[in-house]
Amino acid sequence: MRLLISVLSILLGAVALLVGIGQKTFWAPPEIATATLAVPLEGAPVTVIEPGVASVPGSPVDIAIDAEGEFTLSLGRSADVEAWVGSAAHNTVSGVDAEQGTLLAEHTPGDATVPNPRDSDLWVATQSAEGHLVHQWTEPAEGEWSLLVAADGTQPAPTAVTVSWPNDASTPFAIPLMILGALLLIFGLAVAAGMRRGGAGGGSGSAAGRGRAGSAPAPAGGRGFEETAFGGPPAGPAGTAGEKPAGEGPHGRNEPPVARRAATRLAAAAAAGLLAALPALPAQAATTPAPSSGPASESAPPADSYPVLLEAQLERILESVVAAVEEGDKAKDAGKLGDRVGGKALELRQANYALQAKGADIGAPVALAAAPVRSAAVTTSTEWPRTAMAVTWVENARVPQVLVLRQDSARANYKLVSSPSVLPGSSFPGIAVGDTSVSTLPLDSKLSRTPKEAAQAVADYLSDGNSEAKDRVQENVFISSMHTAQDELKNANQNATIKFSRTVDEGQTVALSTPDGGALVATYVTSTVTSTPKEEGGTVELDDLSAASAGEDSTTKGVDVVYGEPMVLYVPASGSQDKISLLAADDVFLSAKLK
């Protein structure tokens with residue numbers, strides 16, 4: 001029976017060991033698993049690779065793209081990619097069937113062409129290649145991210161996509177089989193060694209130990225040595241007949257079973273040597289999933305609450321904006337501003353360039369700086385238009401500036417719409433890019449005053465220092481100097497009627513919430529100084545700048561001198577007794593129009 005057990009253990013051990021080694025060597029599957037498209041896709045200007053491709057049980061995931069000619073791969077938030085694609089025809093790679101080695105993909109019909117997406121501000125990163133590109137799936141921040149692949153928007157986008165990932169968990173039983181096989185070999189060899197020792201003990205020993213013909217039977221409760229072919233009689237209960245101390249025969253103490261111990265050590269050494277001869281194998285990858293995190297805190301921001309720009313995006317956009325502005329200012333040509341300046345910021349620079357062309361005594365617009373960024377408020381509101389504000393410092397300038405950026409649609413780039421100077425003594429809220437408390441607020445939001453009311457209050461107080469708004473607006477250098485200048489103008493023109501009026505442009509007003517419950521409000525005010533003679537036939541003299549704009553140096557009917565006043569103000573939170581603060585503002589001459 002023991003012979004059978006030994007043989008079976010050795011055979012089963014050898015088979016298990018062979019299968020285990022085979023799974024890691026000659027039977028092993030590829031170290032890298034891949035998935036490709038099962039069927040070709042129709043042509044489309046855009047291919048979208050969704051985050052589902054990274055759901056396979058391997059990390060990291062590599063995405064290889066092959067094409068004829070140049071193409072660009074762009075990484076953006078999934079919602080932004082979807083918005084940019086819009087109604088365009090596109091192919092979507094949504095996931096991986098790891099068992100079949102195929103990609104889940106579908107074609108969506110639509111517009112045959114799109115703008116070239118390469119330079120869109122929506123993308124966190126872009127890669128351009130010709131013919132072949134390998135991208136390792138990355139997620140630069142929380143949220144869902146997708147890849148957009150396109151040629152130039154008019155040619156079909158590449159669809160030859162291959163997803164690959166490490167195949168570590170493909171042979172989970174290899175290591176256990178090798179361990180089991182080694183143990184079975186050890187056991188089988190140990191049993192065989194015991195058999196050899198037992199056989200030798202049964203055929204040797206002194207004549208007194210064997211018994212003789214016709215001798216008396218063994219005492220009750222014991223057994224004769226003739227019947228113990230595998231190593232002697234089994235031990236009986238203590239004190240029973242036939243009991244012998246371990247290692248003793250019936251006539252005294254025998255030698256210890258050296259042969260048996262030696263055989264066991266030999267079997268163990270042989271098994272250890274066999275295991276040592278195995279090739280070095282990688283450690284088995286853990287297959288137990290990581291414990292899932294608990295439910296999100298009630299105070300945590302919503303899962304889709306992310307700033308629409310990451311810090312690197314904002315820096316890149318600011319650099320592009322400032323470069324365009326520098327080129328336009330140098331050439332005094334608004335056409336050089338490209339698609340990086342819009343709204344009232346564009347109108348102010350156009351007016352300045354036109355006046356410089358007429359030889360008017362007006363300086364160039366204030367230069368802008370992309371860095372360093374001292375503070376930045378980036379909205380988390382994903383609808384368009386989107387707004388960001390950044391405080392930067394121009395080298396050798398007296399004060400920093402607030403650059404207000406606006407993106408009108410998914411396919412539009414951010415444009416500079418305002419750049420007022422921070423006023424002396426003002427304290428701009430310290431907000432970091434990525435603060436999820438920043439969002440776009442409706443102009444009727446209930447703060448200490450609504451953003452709409454706050455902007456109008458500042459405009460009213462600037463026009464009239466005795467208006468009702470004076471109790472709601474904090475005094476500062478800009479406001480006091482404006483009041484002083486307006487009073488001086490009236491006093492210097494006793495023969496003319498001078499009126500000051502200001503109009504808030506709600507279309508150029510936007511409010512962003514701040515972490516303390518208040519809001520930053522960027523707005524634009526059109527300031528008009530109307531001068532008319534007090535008496536019929538009287539004359540109003542124009543200063544040089546107004547005369548250059550109007551084309552006349554005097555008028556008997558009157559003149560409207562128009563200024564643009566971009567502003568950023570702070571509105572305290574609801575319930576606060578603090579006043580509205582004007583943080584940044586400029587007063588820019590636009591035109592003089594005769595009546």
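**Exercise 1. Determine whether Trp123 is buried or exposed, and identify the aromatic pair to which this residue belongs.**

Solution. Trp123 has a relative accessible area of 0%. Because buried means under 20% relative accessible area, Trp123 is buried. This value, like those that follow, is computed from a predicted model.

The next step is the partner. Trp123 forms an aromatic pair with Trp84, with 6.2 Å from centre to centre and 55° between the planes. Planes under 30 degrees apart would count as stacked and those over 60 as edge-to-face, so an angle between these limits is classed as tilted. The pair of Trp84 and Trp123 is therefore tilted.

The last step is location. Trp84 belongs to helix α2 (residues 78-85), while Trp123 sits in the loop between β5 (102-108) and β6 (125-136), so the pair ties together parts that are 39 residues apart in sequence. Trp84 also counts as buried, at 2% relative accessibility.

**Exercise 2. State which type of aromatic pair Tyr563 and Phe589 form, and where the two residues lie.**

Solution. The ring centres of Tyr563 and Phe589 are 5.7 Å apart and their planes meet at 80°, which makes the pair edge-to-face. Tyr563 is in strand β21 and Phe589 in strand β23, 26 residues apart, and the pair links distant parts of the chain. Phe589 counts as buried because its relative accessibility is 7%. By the rule used here, the count of aromatic pairs comes to two.

**Exercise 3. Check the span of helix α6 against the expected value, and describe the surroundings of the helix.**

Solution. Helix α6 (residues 343-357) has 15 residues. The expected span is 1.5 Å times one less than the number of residues, so α6 should span 21 Å. Its end C-alpha atoms are 22 Å apart, which agrees.

Next, consider burial. The buried residues of α6 include Lys344, Leu348, Ala351, Tyr353 and Leu355. Among the elements that cover the buried residues are α5 (311-331), β14 (415-418), β18 (519-533) and α9 (544-550). Strands β21 (559-571) and β23 (588-594) also contribute to this cover.

Lys344 serves as a single case. This residue counts as buried because its relative accessibility is 15%. Leaving aside residues up to four places away in sequence, Lys344 touches Val417, Asp505, Gln508 and Tyr524. Just after α6, Gly359 takes a positive phi of about 85°.

**Exercise 4. Repeat the span check for helix α7, and name elements that cover its buried residues.**

Solution. Helix α7 (residues 451-463) contains 13 residues and reaches 19 Å from its first C-alpha to its last, close to the 18 Å expected. Its buried residues include Pro451, Ala454, Val458, Tyr461 and Leu462. The cover of the buried residues includes α8 (477-492), β16 (496-504), β17 (510-513), β18, β21 and β22 (581-585).

**Exercise 5. Identify the residues of the nonpolar surface patch and the element that contributes the largest share.**

Solution. The patch has an area of about 630 Å² and is made by Met1, Leu4, Ile5, Leu8, Leu12 and Phe187. Helix α1 (residues 2-24) supplies the largest share, four residues. Leu4 lies in this helix and is partly exposed, with a relative accessible area of 48%.

**Exercise 6. Summarise the chain as a whole.**

Solution. The chain has nine helices and 23 strands. Of its 595 residues, 41% are buried. The accessible surface comes to about 31100 Å², of which 53% belongs to carbon and sulfur atoms. Among contacts with a separation of 6 or more, 72% join residues 24 or more positions apart.

Note on methods: Residues are numbered from 1 along each chain as its sequence is written. This is a predicted model: local features need pLDDT of at least 70, side-chain atom pairs count only at pLDDT 80 or more; totals for chains, interfaces and linings use all residues. Side-chain values use heavy atoms; hydrogens and water are left out. Patches are made of residues with over 30% relative accessible area and no salt bridge: like charges are joined within 9 Å, nonpolar side chains (Val, Leu, Ile, Met, Phe, Trp, Tyr) within 5 Å. Accessible areas come from the Shrake-Rupley method with a 1.4 Å probe; for residues, only the protein chains shown count as cover. A salt bridge is a side-chain nitrogen of Lys or Arg within 4 Å of a carboxyl oxygen of Asp or Glu. Buried means under 20% relative accessible area, exposed over 50%, partly exposed in between (1.4 Å probe, protein chains only). Contact means heavy atoms within 4.5 Å. Rings of Phe, Tyr and Trp (its six-membered ring) pair if their centres lie within 6.5 Å; planes under 30 degrees apart count as stacked, over 60 as edge-to-face and the rest as tilted.
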